[in-house]
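Here are my notes on the model, as numbered points. Please read them with the structure open.

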Amino acid sequence: MSDFVEECLKAHNEYRSLHGVPPVTLNHEISEFSQSWAEMLLAEKRFQPSGNPSYGENLFYVYSPVPNFKLSPKSPVKSWYDEIKFYRFGEEPVDLTAGRFTQLIWKDTREIGIGVARDEDTAIVVVNYYPPGNYVGAFRKQVPPPRAKSWLDWSSWLS
């Protein structure tokens, strides 16, 4: 497993743990699909979901004028998690403005596949999720709020 994939998987599970949902594991078959889609998007200079109904999917695109820039494996996951600000816990969403966040945290998702394609100035990251999430009527159960910090976590702030 490449360092990028390993760190991206780790970032997924760190964010998922904040919400008390089970960790995901890497599925190599799903990763092959994700990698193929990322490479096709880069080659064709497109940015769109695959439309594969078997998976949920998050995409990340970055362009840099700095040749061969460094892409942090945490950047895509953080950008998806940052959509938490658009999500209202305990309510069914009226749109999927926070859809990348909710797919990242979706409780029943157990496996992911990670693909990254890049050239000198562009990178595309594709993560597919199985089973997929974002089903109407299931958000309240599948996307719990972050767990409260314990007293021990906060006690250091009091001294």
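1. Helices here are DSSP runs of H or I, at least four residues long, and they are numbered from the N terminus. On that count T102 sits in helix 4, which spans residues 99–105. Keep in mind that this is a predicted model.

2. Overall make-up. The chain has six helices and four strands. Read from the N terminus, the order is α-β-α-β-α-α-β-β-α-α. The radius of gyration is 16 Å, close to the 15 Å from the globule rule for 159 residues, so the chain is as compact as a globular protein of that length. Along the principal axes, the C-alpha atoms fill a box of roughly 50 × 40 × 25 Å.

3. Packing and contacts. Buried residues make up 42% of the 159 in the chain. Take the contacts with a separation of 6 or more: 71% of them join residues 24 or more positions apart.

4. Surface and charge. About 9100 Å² of the chain is accessible surface. Carbon and sulfur atoms contribute 56% of that area. The chain carries 17 positive and 20 negative charges. The mean positions of these two sets lie 8 Å apart.

5. T102, burial. Is T102 buried or exposed? The cut-off for buried is under 20% relative accessible area. T102 has 1% relative accessibility, so it counts as buried.

6. T102, partners. Which residues does T102 touch, beyond its neighbours within four places in sequence? They are Y87, N134, F139 and V143. With N134 there is also a polar contact: the two side chains meet at 2.5 Å. Please look at this pair on the model. It links a residue of helix 4 to N134 through side chains.

7. N13, location and partners. N13 belongs to helix 1, residues 3–18. Setting aside neighbours within four places in sequence, N13 is in contact with P23 and V24.

8. N13 and V24. These two residues are eleven apart along the chain, and 6.5 Å separates their C-alpha atoms. What does the side chain of N13 reach on V24? It reaches the backbone nitrogen, at 2.6 Å. Here the N13 side chain meets backbone, whereas the T102 polar contact with N134 runs from side chain to side chain.

9. For the figure, I would like both sites shown. One panel could present T102 with Y87, N134, F139 and V143. Another could present N13 with P23 and V24. Label the 2.5 Å contact in the former and the 2.6 Å one in the latter.

Definitions and conventions: Residues numbered from 1 in each chain as written. Predicted model: local features only at pLDDT ≥ 70, side-chain atom pairs only at ≥ 80, totals over all residues. Heavy atoms only, no water. Helix = DSSP H or I, 4+ residues; strand = E, 2+ residues; numbered from the N terminus. Rg over C-alpha atoms; globule rule 2.2 N^0.38 Å. Buried < 20%, exposed > 50% of the residue type's maximum accessible area, 1.4 Å probe, protein only. Contact = heavy atoms within 4.5 Å. Areas by Shrake-Rupley, 256 points an atom, 1.4 Å probe, with all protein chains shown as cover. Lys, Arg positive; Asp, Glu negative; His and termini not counted. Charge placed at Lys NZ, Arg CZ, Asp CG, Glu CD. Polar contact = N/O pair within 3.5 Å; in protein donor to acceptor, adjacent residues only side chain to side chain.
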